[in-house]
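Trainee: Could we go through the charged side chains in this one together? I'd like to start with what counts as a pair.

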Amino acid sequence: SEIVQRADKVMEEKRLYLDPNFTLEALAKEVWSNRTYVSKALRLKRGVSFREYVYNFRLGYARKLWGNAECGTKDMAIMSGFNDVRTFNKAADDFLL
C-alpha cells in the first residue's frame with residue numbers, strides 16, 4: 001500500500017522511531033493520512049500493529065549499536081527510542097526470538 005511505503009520512507013529518512021514518545025498519530029500526520037488508515041494498512045500489508053512496526057525499527061537500530069563496546073544495554077535501549085531497559089528487553093524477547 002502507498003501508505004506503508006510512505007511510512008517506511010519517513011521512518012528510515014527521519015528516524016522517527018528514535019523518539020520514545022512517537023505515536024500513531026504522528027506517523028499518520030507524516031504520511032498525510034489518519035491513524036485508522038495507517039493502522040489498517042500496517043495490519044494488512046505487514047501483519048503488524050503500530051507498536052510492532054516501531055519496535056522493529058528500534059530493534060534494527062539497536063542491532064547497529066550492538067557492536068559499540070562503549071554502549072551498554074541501558075544506553076542502547078534509550079538511544080534506540082525505548083523508554084527503558086525493561087521495555088527494550090521485552091521487545092527483544094518478543095520480536096527477535
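Mentor: A salt bridge here is a side-chain nitrogen of Lys or Arg within 4 Å of a carboxyl oxygen of Asp or Glu. Please keep in mind that this is a predicted model.

Trainee: OK, so what joins the side chains of K90 and D94?

Mentor: Those two side chains meet in a salt bridge, with an N to O distance of 2.9 Å, and the pair is also listed as a polar contact of 2.9 Å.

Trainee: And where is K90 placed?

Mentor: K90 is in helix α6, which covers residues 85-96. Because K90 and D94 are 4 residues apart in that helix, about one helical turn separates them. As for accessibility, D94 is partly exposed, with a relative accessible area of 39%.

Trainee: How many salt bridges does the structure hold?

Mentor: The structure holds 5 salt bridges. One of them is formed by the side chains of D8 and R46, at 2.5 Å from N to O. D8 lies in helix α1 (residues 2-14) and R46 in helix α3 (residues 35-46), so this pair ties together parts that are 38 residues apart in sequence.

Trainee: Is D8 buried or exposed, and what about R46?

Mentor: D8 counts as buried, at 13% relative accessibility, whereas R46 is partly exposed, with a relative accessible area of 41%.

Trainee: Which side chain does E25 meet in a salt bridge?

Mentor: E25 meets R35, and the N to O distance is 2.1 Å. Since E25 lies in helix α2 (residues 24-30) and R35 in helix α3, the pair ties together parts that are 10 residues apart in sequence. E25 counts as partly exposed at 37% relative accessibility, and R35 likewise counts as partly exposed, at 45%.

Trainee: Switching topic: what is the nearest side chain of opposite charge to R58, and how far away is it?

Mentor: That would be D19, at 6.1 Å, and R58 is buried yet has no salt bridge. Salt bridges need the two atoms within 4 Å.

Trainee: Then what does the side chain of R58 reach?

Mentor: The R58 side chain reaches the backbone oxygen of G81 at 3.4 Å. R58 itself is placed in helix α4, residues 50-65. Leaving aside residues up to four places away in sequence, R58 touches Y17, D19, P20, F22, S80, G81 and F82.

Trainee: Last one: how far apart are K90 and I78 in space?

Mentor: From C-alpha to C-alpha they are 14 Å apart, and in sequence K90 and I78 are 12 residues apart.

Key. Residues are numbered from 1 along each chain as its sequence is written. This is a predicted model: local features need pLDDT of at least 70, side-chain atom pairs count only at pLDDT 80 or more; totals for chains, interfaces and linings use all residues. Side-chain values use heavy atoms; hydrogens and water are left out. Helices (H or I, at least four residues) and strands (E, at least two) are DSSP runs, numbered from the N terminus. Buried means under 20% relative accessible area, exposed over 50%, partly exposed in between (1.4 Å probe, protein chains only). Lys and Arg count as positive and Asp and Glu as negative; His and the chain ends are not counted. A polar contact is a pair of N or O atoms within 3.5 Å; within protein, one must be able to donate a hydrogen and the other to accept it, and residues adjacent in sequence count only if both atoms are side-chain atoms. Contact means heavy atoms within 4.5 Å.
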